[in-house]
Amino acid sequence: MSETAPQSPVTPHPAATLIQLRDGPDGLELLVMERHAGLRFAPGATVFPGGRLEAADHHPLWRVHWPEGEPPADLAHRVAALRECVEECGMLPTRDPLSSSALADLRCGLAAGEGFAAALARVGVAPALDRMAVLARWITPEMLPRRFDTLFFLAPAPEGQEPVCDGGEAVGVLWATPRRLLAEEEAGRRRLVFATRMTLLRLAVCADMTAAMASGALASAAVSGQGLPAPILPRLVETAAGPVFRIPAGCGFLPLETSAQTVRLG
């Protein structure tokens with residue numbers, strides 16, 4: 001078996017995504033969105049809300065929103081995950097309940113170009129940065145021209161809020177169980193990129209939101225020297241049975257090898 005070594009891989013962009021959870025009649029449900037078919041990355045795919053980190057996500061003033069003690073090393077990722085979620089799906093986990101009028105005001109401000117911190121201050125709301133649990137850190141395989149180093153977070157969905165599709169990157173939003181999404185991909189009715197499918201496989205064994213959040217708490221405890229989880233970088237490997245994408249043993253996800261023919265990367 002041999003790895004297929006890429007030539008001069010591009011540096012991945014730091015990114016974050018948020019998986020909002022709730023308990024439904026058939027068990028754990030996740031909020032996902034369907035990406036516009038005209039996008040360059042993952043067109044038409046079903047994904048979790050998320051995107052690149054911005055310079056403002058690193059501003060030291062975000063530290064005041066951490067309730068007590070030293071903020072974690074992934075604070076900027078948490079800010080980005082919440083910002084992207086409210087921009088794309090119109091939902092925002094907050095420390096205190098957010099009225100529908102305040103949420104609508106926040107959405108309008110962001111749509112008009114107002115900064116995330118300024119919009120939060122104007123409506124007087126604090127983001128629930130401390131109620132998120134990191135599940136994993138996925139890095140796009142090295143052979144792709146557009147790469148991301150993404151932290152996947154879990155958070156309970158805020159009560160009383162309903163998702164609103166932004167009509168730009170997202171053309172549809174829905175709540176669904178991991179098993180339903182995987183079955184629809186198997187039937188050819190849904191597109192899933194590799195990291196999304198692997199995440200669904202992991203969460204499919206969680207009976208409810210409590211179990212899913214506990215899974216994230218375990219991942220949060222296993223961090224690297226940078227204060228971030230160890231990265232999961234799928235590598236293309238030639239085997240006797242054909243090319244596969246392999247992920248590191250002990251990363252918390254299975255299977256460790258997936259046929260390259262069934263993998264969608266972007």
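# A walk through the strands, cores and rings

Start by selecting β8: five of its seven residues are buried, so the strand is largely enclosed by the rest of the structure. Keep in mind as you click around that this is a predicted model.

With β8 still highlighted, add β3. These two strands pair in the antiparallel sense, and six bridges hold the pairing. To see one of those bridges, pick methionine 33 and look across to β8, where its partner is valine 173.

Next, follow β3 back to β2. A hairpin joins β2 to β3 through two residues, and the two strands run antiparallel with four bridges between them. Show leucine 21 and you'll find leucine 30 of β3 standing opposite.

Stay on β2, since there are other strands to visit from here. Turn on β7: β2 and β7 pair in the parallel sense over nine bridges. For a sample bridge, take alanine 16, whose partner in β7 is leucine 151. Then bring in β5, which runs antiparallel to β2 and is joined to it by three bridges. Here alanine 15 is the residue to pick, with arginine 52 of β5 opposite.

Now switch on side chains. The largest nonpolar core has 36 residues, and the ones with the most contacts inside it are Ile19, Leu21, Leu30, Trp138, Leu203, Ile247 and Phe253. Two or more residues come from each of several elements, among them β2 (13-24), β3 (27-35), β8 (170-176) and α4 (178-186). Colour α5 separately, as this helix gives the most to the core, with five residues. As a general backdrop, nonpolar side chains in soluble globular proteins tend to be buried together.

For a close-up, centre on isoleucine 19. Leaving aside residues up to four places away in sequence, what does isoleucine 19 touch? The list is Leu30, Phe48, Leu135, Phe152, Phe153, Leu154, Ala155, Thr199 and Leu203. There is also a second, separate core, this one of 31 residues, including Leu103, Phe116, Val134 and Phe153.

Time for the aromatics. The count is four aromatic pairs. Select tryptophan 62 and phenylalanine 116: the ring centres are 5.6 Å apart and the planes sit at 35 degrees, so this pair is tilted. The two come from distant parts of the chain, 54 residues apart, with tryptophan 62 in the loop between β5 (50-52) and α1 (75-89) and phenylalanine 116 in helix α3. Both tryptophan 62 and phenylalanine 116 are buried.

Then jump to tryptophan 138 and phenylalanine 194. Their rings make an edge-to-face pair, 5.9 Å centre to centre with 85 degrees between the planes. Tryptophan 138 belongs to strand β6 and phenylalanine 194 to helix α5, so this pair ties together parts that are 56 residues apart in sequence. Buried or exposed, at 3% relative accessibility, for tryptophan 138? Buried, and phenylalanine 194, at 4%, also counts as buried.

Widen the selection a bit: ring pairs link Trp138, Phe194, Phe245 and Phe253 into a cluster. While phenylalanine 253 is on screen, add arginine 202, whose charged end sits over the phenylalanine 253 ring, 4.8 Å from its centre.

Now for the cysteines. How many disulfides does the count come to? Zero. Show cysteine 85 and cysteine 89 to see why: the sulfur of cysteine 85 is 5.3 Å from the one in cysteine 89, its closest cysteine sulfur, and that is too far for a bond. The cut-off for a disulfide is sulfur atoms within 2.5 Å. Cysteine 85 is buried, with a relative accessible area of 0%, and cysteine 89 likewise counts as buried at 0%.

Two loop stops finish the tour. First, go to proline 255, in the loop between β10 (242-246) and β11 (257-259). The peptide bond joining leucine 254 and proline 255 is cis, with omega at about 5 degrees. Most peptide bonds are trans.

Last, select glycine 124, in the loop between α3 (116-123) and β6 (133-139). Glycine 124 counts as exposed because its relative accessibility is 65%. Draw a C-alpha to C-alpha distance from glycine 124 to alanine 102 and it should read 8.7 Å, for residues 22 apart in sequence.

Terms used: Residues are numbered from 1 along each chain as its sequence is written. This is a predicted model: local features need pLDDT of at least 70, side-chain atom pairs count only at pLDDT 80 or more; totals for chains, interfaces and linings use all residues. Side-chain values use heavy atoms; hydrogens and water are left out. Buried means under 20% relative accessible area, exposed over 50%, partly exposed in between (1.4 Å probe, protein chains only). A nonpolar core is a set of buried Ala, Val, Leu, Ile, Met, Phe, Trp, Tyr and Cys residues joined through side-chain atoms within 4.5 Å. Contact means heavy atoms within 4.5 Å. Two strands pair if DSSP finds at least two bridges between them. Rings of Phe, Tyr and Trp (its six-membered ring) pair if their centres lie within 6.5 Å; planes under 30 degrees apart count as stacked, over 60 as edge-to-face and the rest as tilted. A charge sits over a ring if NZ of Lys or CZ of Arg is within 6 Å of the ring centre and within 35 degrees of the ring normal.
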